[in-house]
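Please walk through this fold with me, from the sheet outward to the helices and the charged pairs. Keep the coordinates open as you read.

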Amino acid sequence: MGSRILGLDYGSKTVGVAVTDALGWTAQGVEIIRRKSENKTRKTLARIEELIHAYDVKEIILGYPVMPSGDEGVRVELCKIFKADLERRTGLPVIFWDERLTTVESYEIMTELGIPKKNWKEYVDMIAAQRILQGYLDYLEDQKRKQQIAEELGLNT
């Protein structure tokens with residue numbers, strides 16, 4: 001099986017894509033897959049499959065679009081359908097990851113980089129996918145550190 005993790009930011013007409021480096025430490029933006037309408041995902045799924053093979057992907061992290069309040073809206077239901085389609089089509093595990101504030105972070109990053117606002121649509125979804133995936137990687141690293149500390153303290157059972 002593969003060695004990298006793919007991160008996706010699923011939107012109504014775009015999917016931002018990011019992938020881990022070969023060592024699985026950092027997330028890099030790859031591209032934005034665009035489609036004409038919400039329910040036209042066949043070509044989107046085909047492109048994701050191509051990327052899975054190109055990057056030797058072992059699992060997929062999919063942004064979970066809960067509202068800032070934590071409530072689930074229409075986007076969550078559509079994302080659940082997309083998740084099921086991804087799992088069925090790729091055979092890979094798809095893990096939801098809270099994507100709250102990733103778009104805000106993306107806008108902040110683009111502002112800091114001096115990217116003109118008129119060009120933000122070219123990058124925002126890819127940067128959001130990178131932030132989603134990096135958040136997941138940071139979580140995994142934090143869990144490893146906690147496990148190591150517990151082992152050092154003899155707290156594991």
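Which residue of strand 2 does Asp9 stand opposite? The partner is Gly16. Bear in mind that this is a predicted model.

That pair is a good way into the sheet. Strand 1 covers residues 4–10, and strand 2 covers 14–20. The two run antiparallel, joined by five bridges. A hairpin of three residues connects strand 1 to strand 2.

Now step across to strand 3. Strand 2 and strand 3 also run antiparallel, and here seven bridges hold the pairing. Two residue pairs help to fix the register. Thr14 stands opposite Arg34 in strand 3. Val17 has Glu31 as its bridge partner. These strands form a hairpin too, with six residues between them. Look in the turn for Gly24, whose phi is positive, at about 80°.

How much of strand 2 is buried? Seven of its seven residues are. Both faces are covered. On one side sit Thr14, Gly16, Ala18 and Thr20, all buried. On the other side sit Val15, Val17 and Val19, buried as well.

The remaining strands pair in another direction. Strand 4 spans residues 57–64 and runs parallel to strand 5, with five bridges between them. Ile60 stands opposite Val94 of strand 5. Put together, the five strands make an open sheet in the order 3-2-1-4-5, and the pairing is mixed. Strand 3 (27–34) and strand 5 (94–98) each have a single partner strand, so they stand at the edges with one side lacking a neighbour in the sheet. From one strand to the next, the twist averages 25°.

Next come the helices that pack on this sheet. Helix 1, residues 42–55, lies across strand 1, strand 2, strand 3 and strand 4. Its direction is at about 155° to strand 3. Helix 2, residues 74–90, packs on the sheet as well. Helix 2 touches strand 1, strand 2, strand 4 and strand 5. Its direction makes about 170° with that of strand 4.

A further packing involves two helices. Helix 3 (residues 102–112) packs with helix 4 (residues 124–152) at an angle of about 115°. Their axes are 8 Å apart. The crossing is right-handed. Which residues make this contact? Helix 3 supplies Thr102, Thr103, Glu105, Ser106, Tyr107, Ile109 and Met110. Helix 4 supplies Val124, Ile127, Ala128, Arg131 and Ile132. By class, the contact counts seven nonpolar, three polar and two charged residues.

Turn finally to the charged side chains. Side chains of opposite charge can pair when their charged atoms come close. How many salt bridges does a search of the whole structure find? The search finds 11.

One of them returns us to the sheet. Arg47 and Glu31 meet in a salt bridge, at 2.7 Å from N to O. Arg47 belongs to helix 1 and Glu31 to strand 3, so the pair ties together parts 16 residues apart in sequence. Glu31 is also the residue that bridges to Val17 in the strand pairing. Is Arg47 buried or partly exposed? Its relative accessibility is 28%, so Arg47 counts as partly exposed.

Other salt bridges stay inside a helix. In helix 2, Glu77 and Lys80 are three residues apart, about one turn of the helix. Their side chains meet in a salt bridge at 3.7 Å, N to O. Glu77 is partly exposed, with a relative accessible area of 43%. Lys80 is partly exposed too, at 33%.

In helix 4, Asp142 and Lys146 lie four residues apart, again about one turn of the helix. Asp142 forms a salt bridge with Lys146, and the closest N and O atoms are 3.2 Å apart. Asp142 has a relative accessible area of 26% and is partly exposed. This pair is part of a network: salt bridges that share partners join Glu141, Asp142, Arg145 and Lys146.

Definitions and conventions:
Residues are numbered from 1 along each chain as its sequence is written. This is a predicted model: local features need pLDDT of at least 70, side-chain atom pairs count only at pLDDT 80 or more; totals for chains, interfaces and linings use all residues. Side-chain values use heavy atoms; hydrogens and water are left out. Two strands pair if DSSP finds at least two bridges between them. Axes are lines fitted to C-alpha atoms, for helices over the stretch in contact, and angles run from 0 to 180 degrees between N-to-C directions. Contact means heavy atoms within 4.5 Å. A crossing is left-handed if the near helix is turned anticlockwise from the far one by less than a right angle, and right-handed if clockwise. Ala, Val, Leu, Ile, Met, Phe, Trp, Tyr, Cys and Pro count as nonpolar, Asp, Glu, Lys and Arg as charged, and the others, Gly among them, as polar. Buried means under 20% relative accessible area, exposed over 50%, partly exposed in between (1.4 Å probe, protein chains only). A salt bridge is a side-chain nitrogen of Lys or Arg within 4 Å of a carboxyl oxygen of Asp or Glu.
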